[in-house]
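Me: Could you take a close look at one loop in this model for me? I'd then like to see how its surroundings fit in.

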Amino acid sequence: MVEVTVTPQSSLADRPVQIRVRGLSPSQLVTLRAWLKDEQGECFQSRTFFRADGAGEVDPGHHAALGGSYSGVWPMGLFWFLQPDTLFRRLVKRDVAGSPFRVRLEVLDGLSLGTDPREQPLASCEAERWYVGPGVQRVPIREGRVRGALFLPP
């Protein structure tokens, strides 16, 4: 049975995570896809291709991507190379304190380039990427023409 995991499952957006795929056949060709919907409902995604090692595992931190959104060894590449489905959109988190980005990770068999909704992933999981840590207080700043926010640690 194929399994994809993200460790830790919930983390701050600037912290690295480890992505692992297990249960593949040795040398199996797979596509790893990451996608999320922002607060306006726009979809952002990245996808890259890997060949499983002799144990049937894929670790983007140690195995080189063969192509797709990037190639080579990029442990956080699936997060860094998220691109909008709609041109000229930017991935911006507006509600930084209230909710995380929920990034869906999927493992697809073979080389998957399309967005066929009938395409069933071999495995999937979800990672939470927070922008404000627990206990951090957000203080709005309004002084003259200056507007901003001060984030105070607990």
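**A loop and what lies around it**

Reply: Happy to! Pro8 sits in the loop between strand 1 and strand 2 (10–12); helices (H or I, at least four residues) and strands (E, at least two) are DSSP runs, numbered from the N terminus. The peptide bond leading from Thr7 into Pro8 is cis, with omega near -10°. This is a predicted model, in which local features need pLDDT of at least 70, side-chain atom pairs count only at pLDDT 80 or more, and totals for chains, interfaces and linings use all residues. Residues are numbered from 1 along each chain as its sequence is written, and side-chain values use heavy atoms, leaving out hydrogens and water.

Strand 1 (3–7) gives two or more residues to the largest nonpolar core, as do strand 3 (18–22) and strand 4 (29–37), among others. Such a core is a set of buried Ala, Val, Leu, Ile, Met, Phe, Trp, Tyr and Cys residues joined through side-chain atoms within 4.5 Å. This one has 28 residues, and Val21 is one of those with the most contacts inside it. Leaving aside neighbours within four places in sequence, Val21 is in contact (heavy atoms within 4.5 Å) with residues including Val2, Glu3, Val4 and Leu32.

Ser27 lies in the loop between strand 3 and strand 4 and has a positive phi of about 65° although it is not a glycine. Because its relative accessibility is 42%, Ser27 counts as partly exposed: buried means under 20% relative accessible area, exposed over 50%, and partly exposed in between (1.4 Å probe, protein chains only).
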